[in-house]
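Student: I've got a model open on my screen and I'd like to talk it through. Can we start with the charged pairs and work outwards?

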Amino acid sequence: MKKNFKTFLFLLVSTNILSQNNSLDKISNNLTLDGNVEFVDENLIDAEAFYRTAIAKDSMNNIASYNMANAFYKSGFNKEALNEYKSSIKKAKNKKDLHKSFHNLGDVYMQSKDYQNAVNAFKNALLNNPQDDETRYNYALAKELLKNDNKKKDDNKDDKKDDKKDDKKDDKKDDKKDDKKDDKKDDKKNNNKDEKKDDKPKPNQISPEQLKNLLKAMNNEEKKVQDKVNKNKIKGIPVKNKKDW
């Protein structure tokens, strides 16, 4: 079951309207009330315009800042809401206003999944109103989400480390395969070179073909010599002359 956080989106209303010497300027206060009317009617753009004008008349109008932050938040402009809640915190005059501003600031951080800042904001809200159940609930939820988020980050870091180790192992395997391939190539090259070397007659050595030719030549020479010897034998035999009787 999905857990939802709770937001204060009701408006702050000044009770100091009549006195000219109050900290809030009377014109600024009236503009703030006009903005509240537009906010209730869901005319958020018009409400923002009134709040902005009210702040221009009295820069310390924390109620206009807070209510304008609510208008931004409801319109989905979280970045603008964040800045305006921070501004209302700086201008806040009492713990009640501080509590509401810190609470809604925490809600904006929750929307952005910035759980660490959300925890801090809800903690500050509780310091100004420890009895608020909604703030306590949101504070506990933000802490739980922060814990889970940190755990996921740690798990992802471990996964990345494991992936790097696996990559290194694969690289080593590939290197070994490449080395084996290179060794085989070198062996083939060396074998081919040796075979070619063996085919060529080495210095002071006779190839089988040369030896065969040499023996054939020697046989031919020997035959020639033998033929000469035989001829001389025939010539050397004395021939008896026949007498004519």
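Tutor: Sure, and let's fix one term up front: a salt bridge here is a side-chain nitrogen of Lys or Arg within 4 Å of a carboxyl oxygen of Asp or Glu. Keep in mind that this is a predicted model.

Student: How far apart, N to O, are the side chains of aspartate 149 and lysine 153?

Tutor: Start with where they sit: both are in helix H7, and because they are four residues apart there, about one helical turn separates them. The cut-off for a salt bridge is 4 Å. Their side chains do meet in a salt bridge, and the N to O distance is 3.6 Å.

Student: Is lysine 153 buried, partly exposed or exposed?

Tutor: Buried means under 20% relative accessible area and exposed means over 50%, with partly exposed in between. Aspartate 149 has 23%, so it falls in the middle class. Lysine 153 has a relative accessible area of 47%, so it counts as partly exposed.

Student: Which residue does arginine 136 meet in a salt bridge?

Tutor: Look in helix H7 again, about one helical turn away, because the two partners are three residues apart. Arginine 136 is partly exposed at 38% relative accessibility, while its partner is exposed at 53%. The N to O distance is 2.3 Å, and the partner is aspartate 133.

Student: Which salt bridge links distant parts of the chain?

Tutor: The whole structure has four salt bridges. In one of them the closest N and O atoms are 2.8 Å apart, between lysine 74 and glutamate 42. Lysine 74 belongs to helix H3 and its partner to the loop between H1 and H2, 32 residues apart, so the pair that links distant parts is lysine 74 with glutamate 42.

Student: What phi does glutamate 42 take?

Tutor: That glutamate is partly exposed, with 48% relative accessibility. Glutamate 42 comes just after H1, and its phi is positive, about 70°.

Student: Which residue caps the N-terminal end of H1?

Tutor: H1 itself has 15 residues and reaches 21 Å from its first C-alpha to its last, close to the 21 Å expected. At its N-terminal end, a side-chain oxygen lies 3.0 Å from the backbone nitrogen of isoleucine 27. That oxygen belongs to aspartate 25.

Student: Which helices do the buried residues of H1 pack against?

Tutor: Among the buried residues of H1 are Leu31, Gly35 and Phe39. Phe39 also touches many others: with Tyr85, Leu105 and Met110, it is in the group touching the most other members of the largest nonpolar core. As for the packing, the buried residues of H1 go against H2 and H3.

Student: Which helix gives the most residues to the largest nonpolar core?

Tutor: That core has 39 residues. Helices H1 to H7 each supply at least two residues. The top contributor gives eight residues, and that helix is H3.

Student: Where in the chain is confidence highest?

Tutor: The mean pLDDT of the chain is 78, and 59% of its residues reach 70 or more. Confidence is lowest in helix H8, at a mean of 64, and the highest value, 96, belongs to H6.

Student: How many contacts beyond four places in sequence does the model have for residues 234-245?

Tutor: pLDDT stays under 50 there. Where pLDDT is low, the predicted coordinates should not be read in detail. For residues 234-245, the number of such contacts is zero.

Note on methods:
Residues numbered from 1 in each chain as written. Predicted model: local features only at pLDDT ≥ 70, side-chain atom pairs only at ≥ 80, totals over all residues. Heavy atoms only, no water. Core = buried A, V, L, I, M, F, W, Y, C linked by side-chain atoms within 4.5 Å. Buried < 20%, exposed > 50% of the residue type's maximum accessible area, 1.4 Å probe, protein only. Expected span 1.5 Å × (residues − 1). Contact = heavy atoms within 4.5 Å. Polar contact = N/O pair within 3.5 Å; in protein donor to acceptor, adjacent residues only side chain to side chain. pLDDT = per-residue confidence, 0-100.
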